[in-house]
Amino acid sequence: MSKQRPDLAGYILAGGRGKRMGGRQKLYLQYQGKYLSLRTMEILRSLENFYISVAEIPEDPVGSAGWITDLYKEAGPLGGIMSGLLLCPQDALFVVPCDTFGLDEEMAETLIREYERSGRPVFYRTEKGPEPFPGIYTKAMIPVMERQRTAGNYRMKSLFETEEAKEYTFLDGTKQLKKLVNLNTEQEYLRLQRRNDGRESSDNE
């Protein structure tokens, strides 16, 4: 697929400390010998630029991605995304956490095509409501994110409870989001590795 989307960049969130990951750096989690973040970049290969949100710049690079260090400490994903929107030259960011597994090209392209059509922030929703990831965040969201950050509200889903959210696009992701696995703990990561080894069906841990 040709690279023709210069106003939209891929953005991987990796600023968390990963306390529940047994000391592993989430940015370097692997599946089948490849970083999950690199897999995400390959899925988003129609984009020209990629950035990784980090608390501090690590030693090992991940593909061609540039680093964006958090401007706001202890502000969670909200602060990381705000930092990216403020510092990157692109108009919008396709945001995926580094510990998300299962994003596929169809899911990604559905969001990207809708963004290209409308120019608005784009997210999936399920019967439980809108989901923040994966999603396309635009610079137009900076004021509402800053308002929320200043109020000390770092809850991502609060962004969808604002007046501005009426201008966002929400796509039905009931089927799509079931494909995703969020690796929040070491047990979940080990379970993914067992799937790779073909042992998941016989191991119920």
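## Helix 4 and its surroundings

Right after helix 4 comes Gly-152, with a positive phi near 80°. Keep in mind that this is a predicted model.

**Exercise 1.** Work out which residues of helix 4 are buried and on which side of helix 4 they sit.

*Solution.*
1. Start with the span: helix 4 covers residues 142-150.
2. Pick out its buried residues, which are Ile-142, Val-144, Met-145 and Gln-148.
3. Check how they spread: they take up an arc of only 165° around the axis, so they share the same side of helix 4.
4. Now flip to the other side of helix 4, where you'll find Pro-143 and Thr-150 exposed.
5. Finally, look at what the buried residues pack against: helix 2 and strand 9 (129-138).

**Exercise 2.** Find where Ala-75 lies, and decide whether Ala-75 is buried or exposed.

*Solution.*
1. Go to the loop that links strand 5 (66-69) and helix 2; Ala-75 is there.
2. Its relative accessible area is 3%, and buried means under 20%, so Ala-75 counts as buried.
3. Look along the chain too: Asn-153 is 78 residues away from Ala-75, yet their C-alpha atoms are 8.7 Å apart.

**Exercise 3.** Classify Leu-87 by its accessibility, then name the surface patch that Leu-87 belongs to.

*Solution.*
1. Locate Leu-87 in helix 2, which runs over residues 76-87.
2. Take its relative accessibility, 46%: that lies between the 20% and 50% cut-offs, so Leu-87 is partly exposed.
3. Add the partners: Leu-87 joins Leu-71 and Leu-86 in a nonpolar surface patch.
4. Together, the three leucines offer about 260 Å² of accessible area.

How values were computed:
Residues are numbered from 1 along each chain as its sequence is written. This is a predicted model: local features need pLDDT of at least 70, side-chain atom pairs count only at pLDDT 80 or more; totals for chains, interfaces and linings use all residues. Side-chain values use heavy atoms; hydrogens and water are left out. Patches are made of residues with over 30% relative accessible area and no salt bridge: like charges are joined within 9 Å, nonpolar side chains (Val, Leu, Ile, Met, Phe, Trp, Tyr) within 5 Å. Accessible areas come from the Shrake-Rupley method with a 1.4 Å probe; for residues, only the protein chains shown count as cover. A salt bridge is a side-chain nitrogen of Lys or Arg within 4 Å of a carboxyl oxygen of Asp or Glu. Helices (H or I, at least four residues) and strands (E, at least two) are DSSP runs, numbered from the N terminus. Buried means under 20% relative accessible area, exposed over 50%, partly exposed in between (1.4 Å probe, protein chains only). The arc is that of the directions from the helix axis to the C-beta atoms. Contact means heavy atoms within 4.5 Å.
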